[in-house]
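Here are some short exercises on charged side-chain pairs. Have a look at the model first, then work through the steps.

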Amino acid sequence: MSDTFPVLTLQELADRLGCRLEGNVGDGSAARVTGVSGLDEAAPGDVTFLANPAYAPRVAQTRALAIIANDALQAGPCAILGSSNPYLAFPRAVAL
């Protein structure tokens, strides 16, 4: 990873986005975010998002570190960054 890009922990990302860090966090709040990706393509360390409930069944298979989602997503295999507007929060995560 290049030194020109900030390395954020999951908690730091949640704070910067104004999201609630919830769900299957464990020690993940200190985990390093390594990228952003789509729900199906996400790798460990990536943050992804879910805004359309039609894609909710895919959550169980994601390998992402965290999912940016609204309050409709109650649980998943990873941490949830709760946002009132996932469509806005995800591009902000990409920009960071």
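**Exercise 1: R20 and its partners**

E22 has a relative accessibility of 31%, so E22 counts as partly exposed. This is a predicted model.

Task: Work out which residues are joined with R20 into one network by shared salt-bridge partners.

Solution:

1. Start with E22, whose closest contact with R20 puts N and O atoms 3.0 Å apart, a salt bridge.
2. Now turn to D71: its side chain meets that of R20 in a salt bridge, with 2.3 Å from N to O. D71 lies in the loop between β6 (66-69) and β7 (79-82), while R20 sits in strand β2 (residues 20-23), so the pair links parts of the chain 51 residues apart.
3. Put the two together: salt bridges with shared partners join R20, E22 and D71 into one network.

**Exercise 2: Exposed or partly exposed?**

Task: Decide whether D71 and R20 are exposed or partly exposed.

Solution:

1. Exposed means over 50% relative accessible area.
2. D71 has 52% relative accessibility, so D71 counts as exposed.
3. R20 has a relative accessible area of 35%, so R20 is partly exposed.

**Exercise 3: The R58 pair**

Task: Find which residue forms a salt bridge with R58, and where the two residues lie.

Solution:

1. The partner is D40, with the closest N and O atoms 3.0 Å apart.
2. R58 is in the loop between β5 (46-50) and β6, and D40 is in the loop between β4 (35-36) and β5; the two are 18 residues apart.
3. R58 has a relative accessible area of 38%, so R58 is partly exposed.
4. To check your tally, the structure holds 3 salt bridges.

Technical notes
Residues numbered from 1 in each chain as written. Predicted model: local features only at pLDDT ≥ 70, side-chain atom pairs only at ≥ 80, totals over all residues. Heavy atoms only, no water. Salt bridge = Lys/Arg side-chain N within 4 Å of Asp/Glu carboxyl O. Buried < 20%, exposed > 50% of the residue type's maximum accessible area, 1.4 Å probe, protein only. Helix = DSSP H or I, 4+ residues; strand = E, 2+ residues; numbered from the N terminus.
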